[in-house]
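Student: I have a model open and want to learn to read its strands and helices. Where do we begin?

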Amino acid sequence: MESWAMFHTALNRRLLDFIVDEGIDPALSGQRLCDEFERIVEFLENSHGYTLKDGNRRRMIAVALDFLSECGNRRGGNYIADGVNCEPAHGSLDGFEGEYNFFGRCIDYAGEYLRGGKPLYDFNGGCVGIWDEFLGNPEFEYARGVLANKLGQRAIHRALVLCYGPGYDIYHLQRCSEDVKITAVDYNGAFYETARAKLLKPDAVQWVHSDKWGGFGHPLPFEDGYFDAAVFSCADPYIAGGLRRFVYEDVYRVLARDGLMGVITRGYPDSQCGADKLYRMAALCHDFAESVCEGWQGFYSAGETRLLFEQIGFDINAVTLNECLWMAAKP
């Protein structure tokens with residue numbers, strides 16, 4: 001916990017420095033009311049050359065505003081959060097270097113991106129190593145371990161790993177349940193070799209080639225009720241809002257009765273969020289930083305996610321790890 005707090009304190013400071021260095025903090029000093037937000041957007045477009053017409057860049061400004069609200073007031077040149085000065089953290093990041101460096105590069109690029117620059121990272125072959133380092137961070141790995149252990153307590157014969165990426169979810173499932181038959185699918189094949197290299201039994205996995213699934217918005221190439229479990233981690237914020245119901249309805253379709261779905265994703269802090277201030281700041285910092293990556297849509301609130309799952313028909317068994325880990329069953 002101490003290393004986690006050290007990492008996020010340092011990362012929050014980095015985002016604060018970006019806001020100050022860009023000279024945009026005066027424009028983000030008002031309340032987040034509709035007319036005030038529109039004034040801020042207009043100011044930044046005129047004074048900073050930002051291109052805020054599209055949803056993602058415009059959303060970044062809203063995230064930055066919420067982030068500053070979480071930080072508190074600025075007094076005497078320093079940001080104060082609950083009376084605690086958010087000065088730069090000192091000491092070792094102790095395993096969080098990859099995550100810190102990834103977010104740091106994203107934040108450093110944010111100004112160029114807000115001015116209309118292309119996304120910093122995509123999911124093609126040239127960025128595989130970057131995503132592998134980032135997605136293997138201690139936070140995500142801990143959550144994957146908890147999820148795999150929970151699934152390992154059930155009789156899971158066939159499991160789907162949706163958007164397998166660098167292969168961490170497959171690794172954890174194989175480690176916790178040697179007999180489970182895993183089917184792995186992703187919308188492109190860029191991560192295939194990297195994922196295989198992590199596994200002790202890569203040939204035990206049924207790898208569904210990308211030409212069989214076109215990504216979010218396309219039906220999964222599996223029969224109804226085929227899987228006992230489905231794992232979907234770290235990719236929920238890349239689903240466009242208009243496609244999100246379709247994606248989870250299709251996961252529901254391919255699950256057997258009593259089948260489990262495990263989802264790992266942060267929730268956007270809202271009035272219902274019970275997480276502590278440092279976590280809420282961490283979620284907002286993450287959302288702002290990864291916004292410069294191709295396809296990022298932003299975190300959805302936990303309340304929105306719960307309502308969606310319940311409307312589809314899932315029974316929500318557990319929501320843990322600051323509303324990052326969701327376990328839901330198909331009754």
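Tutor: We will take one strand, then its partners, then a pair of helices. Keep in mind that this is a predicted model.

Student: Is strand β4 mostly covered or mostly open?

Tutor: Mostly covered. β4 spans residues 158-162, and 4 of its 5 residues are buried.

Student: How should I think about side chains along a strand?

Tutor: In a regular strand, side chains alternate between the two faces of the sheet.

Student: Which strands pair with β4?

Tutor: Take β5, residues 181-185: it runs parallel to β4, and 5 bridges join them. To find the register, look for Ala159, which sits opposite Ile182 of β5. β7, residues 227-233, also pairs with β4 in the parallel sense, over 3 bridges. There, Leu160 has Ala230 of β7 as its bridge partner.

Student: What unit do β4 and β5 make with helix α7?

Tutor: A right-handed β-α-β unit. Trace β4, then α7 (residues 168-176), then β5.

Student: How do α6 and α7 cross?

Tutor: Helix α6 covers residues 138-152. Its axis comes within 9 Å of the α7 axis, and the two cross at roughly 40°. Angles under 35 degrees would count as roughly parallel. The angle here therefore makes α6 oblique to α7. The crossing is right-handed.

Student: Which residues make that contact?

Tutor: From α6, Glu141, Arg144, Gly145, Ala148, Asn149 and Leu151. From α7, Tyr168, Asp169, His172, Leu173, Arg175 and Cys176.

Notes. Residues numbered from 1 in each chain as written. Predicted model: local features only at pLDDT ≥ 70, side-chain atom pairs only at ≥ 80, totals over all residues. Heavy atoms only, no water. Buried < 20%, exposed > 50% of the residue type's maximum accessible area, 1.4 Å probe, protein only. Helix = DSSP H or I, 4+ residues; strand = E, 2+ residues; numbered from the N terminus. Pairing = 2+ DSSP bridges. Right-handed = clockwise from strand over helix to strand, strands pointing away. Axes fitted to C-alpha atoms, helices over the stretch in contact; angles between N-to-C directions. Parallel < 35°, antiparallel > 145°, perpendicular 65-115°, else oblique. Left-handed = near helix turned anticlockwise from the far one by under 90°. Contact = heavy atoms within 4.5 Å.
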